[in-house]
Amino acid sequence: MKSNSCFKEFIKYTLLSIFGTLGVSCYIFTDTLFISMGMGESGLTALNLAIPVYSFMYGFCVMMGVGGGTRYAIARGEGSAEKADEIFTSTLTAGLLVSFVFMAAGLLFSSPLARILGADSAVFEMTDIYLKLLLSFTPAFLINNTLAGFVRNDGAPRLAMAATLTGSLSNVLLDYIFIFPLNMGMTGAVLATVMSPVISICVLSLHIIKKHNNFHFRMKGVRFFTALSCAATGTSAFVNEVANAAVVIVFNLLILDLLGNTGVAAYGVIANLAIVAVAVMSGISQGMQPIISRSYGEGNRIYIKQTLRYGIIFALALSAVIYGVILIIPEPITEIFNSEKSAELQGVAVNGLKLYFSAIPFAAFNIIICNYFAAMKMAVQAAVISLLKGLLLLIPAAVLLSFFGGIDGVWLSYFAAEAVTAGVSLGLVIGFGRRNLLKS
């Protein structure tokens, strides 16, 4: 009976979370598509050069939302309402203070950042405006991610999903209006992106307006160490995004040297499609998190084990479907983004998709295990997995394999890093299970 109850809760939270992350994926996909249609290869190149900064900024916002939401769920499981309010207040306050630093960086240093990232004269202006506007709206991204994390863990996963979908769909609509009828180019593309969290916040606010919230903002509840502990709990999410940013920078530099701007444009197609695939896996892990965190606070080991098992099976099954689609129809997928009908771009992207996406099953497993540890405040194990598959393995593998295998080596480095990390993840979860969960 308990197993059946756990499965129903898993399906409820996970499906709603996947729909939400698919909404995000949809606007990432559409954003890339509209930019390729409206600005061609140069637009794709500028977008991919700016992505690392977005990843760094977004990683911080996700860290605060995931970390604060996880701590809040555990506090609720322990029955501590005062602690829950303190966690919300401290997370939001500290997050906003840091977000203003990102905002200042965008307003003052977007041009130097664009040059550091490798933007040449052909794409500098588009890269610069993307960075300036994106970073200026960091507070909106922070508030959105924080509210989403708390609302999801406050028993309202449907509202969290609705907010994400509403923000994402509005991004798609605004993308089209700004880029095509209004002919605003990259300025329009980034304006559509930054309006998404603002709209999402309006939807999430209904949870508070209708007084359904069990968390409250109390000025006396601001605690520096509480905010720090929440950030530490969400560290793996931040490390993962920062690692992704570093990887994109290194990949861009390697591919620029091997194939020039066309290669970077092809990588932009592959990387953005990979974001869509990874977002689905993240949806599964985000759906698991409230159940695992609450069960951890309650000391319910059975629910934790069952939720982990369901998550792994579901993630591996979906990753197999995704890779199957990539193998069957890579040409039609890449043609969607190739508005200038470049044969070189098409060839590089098709080959890259097949090799790069071979890592998806391993990546799915690593995402599930990483978030499994993070949901129980085990930030060290989660951070180890995030660091391994990104900075510690993927970057050295890309440099080494590109030397011996050229562009194919660059694509296969993702497989090598995720496969090795999956072995470490498996060892960590088995070791932890033997010491703790198997006692039940």
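Colour the protein chain by relative accessibility to begin: 58% of its 440 residues count as buried. The model on screen is a predicted one. Switch to a surface view, where the protein chain exposes about 17300 Å² and carbon and sulfur atoms supply 69% of that area.

Next, show the protein chain as a cartoon. Its secondary structure comes to 16 helices and zero strands. The radius of gyration is 21 Å, close to the 22 Å that the globule rule gives for 440 residues, so the chain is as compact as a globular protein of that length. Aligned on the principal axes, the C-alpha atoms fill a box of roughly 60 × 45 × 35 Å.

A contact map is useful at this stage. Of the contacts between residues at least 6 apart in sequence, 83% join residues at least 24 apart.

Now select the charged side chains. There are 26 positive and 21 negative charges in the protein chain. Place a marker at the mean position of each set, and the two markers will be 19 Å apart.

Select helix 10, residues 261-298, and pick out Ser282 within it. Is Ser282 buried or exposed? Ser282 counts as buried because its relative accessibility is 19%, and the cut-off for buried is under 20%. Leaving aside neighbours within four places in sequence, Ser282 is in contact with Thr21 and Ile367. Show the side chains of Thr21 and Ile367 to view these contacts.

Move on to helix 16, residues 394-435, which contains Phe415. With a relative accessible area of 33%, Phe415 is partly exposed. Which residues does Phe415 touch, not counting those up to four places away in sequence? They are Ser358, Ala359 and Phe362. Add Ile360 to the selection and draw a distance from its C-alpha to that of Phe415: the value is 7.9 Å, although the two residues are 55 apart in sequence.

Finish with the cysteines. A disulfide is a covalent bond between the sulfur atoms of two cysteines. How many disulfides does a search of the whole structure find? The search finds zero. Select Cys230 and Cys61 to see one case: the sulfur of Cys61 is the closest cysteine sulfur to that of Cys230, yet it is 15 Å away, too far for a bond. The cut-off for a disulfide is 2.5 Å between the sulfur atoms. Cys230 is buried, with a relative accessible area of 0%. The last stop is Cys6, which also counts as buried, at 0% relative accessibility.

Technical notes
Residues numbered from 1 in each chain as written. Predicted model: local features only at pLDDT ≥ 70, side-chain atom pairs only at ≥ 80, totals over all residues. Heavy atoms only, no water. Buried < 20%, exposed > 50% of the residue type's maximum accessible area, 1.4 Å probe, protein only. Helix = DSSP H or I, 4+ residues; strand = E, 2+ residues; numbered from the N terminus. Rg over C-alpha atoms; globule rule 2.2 N^0.38 Å. Contact = heavy atoms within 4.5 Å. Areas by Shrake-Rupley, 256 points an atom, 1.4 Å probe, with all protein chains shown as cover. Lys, Arg positive; Asp, Glu negative; His and termini not counted. Charge placed at Lys NZ, Arg CZ, Asp CG, Glu CD.
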